[in-house]
Amino acid sequence: MSVESKRSTGIFLFFTIILFLLPGCFGKTIKGPAIVFEKDAVNFGEVREGDRVPYSFSFSNPGSEVLVINDLLLSCWCLSIERFDRVIEPGGSGVISGDIRTTGFSGYMAKVITVQTNIPETQPMLTLEGMVVPK
């Protein structure tokens, strides 16, 4: 076998092995339900006191089982939830959205939404922060 032939065979084997390994490295499904947020913090910048600031958190379920959002715990009366998807099928996605009311606040503001799901020992926290300028 010539050197060129051995090199070609080696390259062929290398790429064949890579093609078999790649699917296991990318797009792996997580066993059970899972939640992955596109972003877990929103900085709303500088707003005037009294403004209502909308927010939105997109997420997906890359898991193998249905994800259930049981509850959202809000750290402040100033947070409201307009909508959120409670049941997400495997491979599906959802949104948690609402607004933050800035009436009565001034200066730096940071609030948290804790997401309670059917995933054991997992409670993702979503943060909203920014600067409230007095009227």
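## A walk through the predicted chain

Leaving aside residues up to four places away in sequence, F37 touches F57, S58, F59, I96, V115, P124 and L126. This contact list belongs to a predicted model, and it offers a way into the interior of the chain. The largest nonpolar core has 26 residues, and F37 is among those with the most contacts inside it, together with I35, F57, F59, I96 and V115. At least two residues of this core come from each of the strands β2, β3 (52-60), β4 (67-74), β7 (93-101), β8 (107-117) and β9 (125-133). Of these contributions, the one from β3 is the greatest, with four residues.

Seen as a whole, the chain has one helix and nine strands, and the order of these elements from the N terminus on is α-β-β-β-β-β-β-β-β-β. Of its 135 residues, 33% count as buried. Among contacts with a separation of 6 or more, 66% are between residues that lie 24 or more positions apart. The chain exposes about 8500 Å², of which carbon and sulfur atoms supply 59%.

Two residues in the strands show such contacts in detail. The residue R48 lies in strand β2, which covers residues 41-48. Although R48 and V133 are 85 residues apart along the chain, their C-alpha atoms are separated by 4.8 Å. Not counting residues up to four places away in sequence, R48 touches V133 as well as T102, V132, P134 and K135.

The other residue is T114, whose place is in strand β8. Is T114 buried or exposed? With a relative accessible area of 13%, T114 is buried, because a residue counts as buried when this value is under 20%. When its neighbours within four places in sequence are left aside, T114 is in contact with D71, L72 and L73, and also with Q123, P124 and M125. P124 therefore appears in the contact list of T114 and also in that of F37, where a contact means heavy atoms within 4.5 Å.

It remains to ask how far the model can be read. The mean pLDDT of the chain is 85, and 79% of its residues reach 70 or more. Over residues 12-26, however, the pLDDT is below 50, and this stretch has zero contacts in the model beyond near neighbours in sequence. Where pLDDT is low, the predicted coordinates should not be read in detail.

Note on methods. Residues numbered from 1 in each chain as written. Predicted model: local features only at pLDDT ≥ 70, side-chain atom pairs only at ≥ 80, totals over all residues. Heavy atoms only, no water. Core = buried A, V, L, I, M, F, W, Y, C linked by side-chain atoms within 4.5 Å. Buried < 20%, exposed > 50% of the residue type's maximum accessible area, 1.4 Å probe, protein only. Areas by Shrake-Rupley, 256 points an atom, 1.4 Å probe, with all protein chains shown as cover. pLDDT = per-residue confidence, 0-100.
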